[in-house]
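Colleague: Before we set up any calculation, I should like to go through the model with you, one local feature at a time. Please give the reasoning behind each reply.

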Amino acid sequence: MNARGAGWTRVARFAALTATVAFCLIVFGAFVRLSHAGLSCPDWPTCYGKASWPGHEQEIASANAAFPDRPVESHKTWREQGHRMLAGTLGMMILALALVATWRQKRELGLVLLASASAALAIHLYRSDAPALSAVCSILALGLPVLAAIKLERELAWRIAVLLLSVVIFQAMLGMWTVTWLLKPVVVMGHLLGGLTTFALMSYVALRLGGVGANQNYDVAIRKLVVIGLFLLGIQIALGGWTSANYAALTCGLDFPTCQGQWWPQTDFREGFILWRGIGVNYEGGVLDVAARNAIQMSHRIGALIVFCYLGWLSHRLARRGLRMPAIALGVGLVLQVALGIANVKLGLPMPVAVAHVTVAVLLLFTLVYTLARTQRRVTTDG
């Protein structure tokens, strides 16, 4: 293998490692959320003013004095701050890929560097209590990578690698708002979707740079069906995130397929799907009544049925088109995901099952992204 080919392989492997870190971050984030550790660090990006978290008795006493409304829970703080540290690692890896993607085009490279500096300055200004200037720097940090990706004269996978810098910066902002806005459901759901978007795009980049594809363009109709599947799965994951953020997972008790002994319990969809309720309310534990939570839970169940039927049919179509491995992975993942969803209800949302439910959702997403890459013409140059 020549030097150029070796370099291509190194970048593809690094992209795959970055996608793996994104996967681990989503799963660990689910663990943090389900263990009710999302507000265990009341400040951001520090934890009780520390880069790590309070560990010694003196540090804990000092933290409790500084944040009397949120005393230190040592068994939770490491989870939240550890999640932030892993997110920071992912951000640096994505930045490295963006730099590699723009290295030969100085204008685009400059935009990426300026975006990185703007993001760092935005955090500093936020901590210095200068929110207006911090917001300006944040907007620059979000917009400059988008401009660089548009201007970049390379294959699509490289442009997505640059675009991901904006995605991960916005994801960091959602992480900040999750804490400062006290687990606001629309932010919590957005944070989950942002993480999945990061993983999906990063996986696509890794697969394309790794040579996944066909020798010629595959059936365009199949590709469209896969895109529809991605859209439906994304909506269902959003419903799952909304269910979790509003503490509606067990609103039916341990009852399935009925809910509270009824096929259709009392519901309030209008109240259940209000996205914005202002700032200042602590949403830990949820604020909705039973009827509103019922509406969310029933929507999630109906969505699961629709997605199961469509992706089951898509699995059959893929198998008939010769894509046997993605078809099998999709079918097995669907059955497992439904079983885990039912087990969540019947067993009272045990931690291992709930985390597994999120994990399989991410694996289903990866299966569809892989199938999408597999049905496109293979990249034969470094773009």
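Modeller: Let us begin with a term: a residue counts as buried under 20% relative accessible area, as exposed over 50%, and as partly exposed in between. Please also keep in mind that this is a predicted model.

Colleague: With those cut-offs, which class does Arg277 fall into?

Modeller: The relative accessible area of Arg277 is 28%. Partly exposed is the class between 20% and 50%. Arg277 is therefore partly exposed.

Colleague: With which residue does the side chain of Arg277 meet in a salt bridge?

Modeller: The N to O distance of this pair is 2.8 Å, and a salt bridge requires such atoms within 4 Å. The partner has a relative accessible area of 28% and is partly exposed. The residue that meets Arg277 is Glu271.

Colleague: How many salt bridges does the structure hold?

Modeller: The pair of Arg277 and Glu271 is a salt bridge, and so is the pair of Arg107 and Glu108. Lys76 and Glu73 form a salt bridge as well. These pairs are among a total of 6.

Colleague: In the salt bridge of Lys76 with Glu73, how far apart are the closest N and O atoms?

Modeller: Lys76 is buried at 13% relative accessibility, whereas Glu73 is partly exposed at 29%. The cut-off for a salt bridge is 4 Å. The closest N and O atoms of Lys76 and Glu73 are apart by 3.6 Å.

Colleague: Is Glu108 buried or exposed?

Modeller: The side chain of Glu108 meets that of Arg107 in a salt bridge, at 3.0 Å from N to O. Arg107 has a relative accessible area of 56% and is exposed. For Glu108 the relative accessibility is 2%, and the limit for burial is 20%. Glu108 is therefore buried.

Colleague: Which residues make the nonpolar surface patch?

Modeller: The patch covers about 560 Å². One of its members, Ile306, is found in helix 10, residues 290-320, and is partly exposed at 46% relative accessibility. The residues that make the patch are Trp263, Trp264, Phe269, Ile302 and Ile306.

Colleague: How are helix 5 and helix 6 oriented to each other, roughly parallel or roughly antiparallel?

Modeller: Helix 5 spans residues 131-151 and helix 6 residues 156-180, and their axes are 7 Å apart. The crossing of helix 5 and helix 6 is left-handed. Their packing angle is about 165 degrees, and angles over 145 count as roughly antiparallel. Helix 5 and helix 6 are therefore roughly antiparallel.

Colleague: What is the handedness of the crossing of helix 10 and helix 11?

Modeller: The axes of helix 10 and helix 11, the latter at residues 324-346, come within 8 Å and cross at roughly 160 degrees. Helix 10 and helix 11 are therefore roughly antiparallel to each other. Their crossing is left-handed.

Colleague: What is the distance in space between Ala327 and Arg317, C-alpha to C-alpha?

Modeller: Ala327 is placed in helix 11 and is buried, with a relative accessible area of 5%. In sequence, Ala327 and Arg317 are 10 residues apart. Their C-alpha to C-alpha distance is 8.0 Å.

Colleague: Where does Pro45, at the end of the cis peptide bond from Trp44, lie?

Modeller: Omega of the bond from Trp44 to Pro45 is near 0 degrees, and the bond is cis. Pro45 itself lies in the loop between helix 1 (3-34) and helix 2 (57-66).

Colleague: Which residue does a cis peptide bond join to Pro257?

Modeller: Pro257 lies in the loop between helix 8 (220-245) and helix 9 (269-272). Omega of the cis bond is about 10 degrees. The residue joined to Pro257 is Phe256.

Colleague: What is phi of Leu182?

Modeller: Leu182 is placed in the loop between helix 6 and helix 7 (185-209). At 26% relative accessibility, Leu182 is partly exposed. Although Leu182 is not a glycine, its phi is positive, at about 60 degrees.

Colleague: In which loop is Leu349 found?

Modeller: Phi of Leu349 is positive and near 60 degrees, in a residue other than glycine. Leu349 is partly exposed, at 31% relative accessibility. Leu349 is found in the loop between helix 11 and helix 12 (351-374).

Notes. Residues are numbered from 1 along each chain as its sequence is written. This is a predicted model: local features need pLDDT of at least 70, side-chain atom pairs count only at pLDDT 80 or more; totals for chains, interfaces and linings use all residues. Side-chain values use heavy atoms; hydrogens and water are left out. Buried means under 20% relative accessible area, exposed over 50%, partly exposed in between (1.4 Å probe, protein chains only). Patches are made of residues with over 30% relative accessible area and no salt bridge: like charges are joined within 9 Å, nonpolar side chains (Val, Leu, Ile, Met, Phe, Trp, Tyr) within 5 Å. Accessible areas come from the Shrake-Rupley method with a 1.4 Å probe; for residues, only the protein chains shown count as cover. Helices (H or I, at least four residues) and strands (E, at least two) are DSSP runs, numbered from the N terminus. Axes are lines fitted to C-alpha atoms, for helices over the stretch in contact, and angles run from 0 to 180 degrees between N-to-C directions. Angles under 35 degrees count as roughly parallel, over 145 as roughly antiparallel, 65 to 115 as roughly perpendicular and the rest as oblique. A crossing is left-handed if the near helix is turned anticlockwise from the far one by less than a right angle, and right-handed if clockwise.
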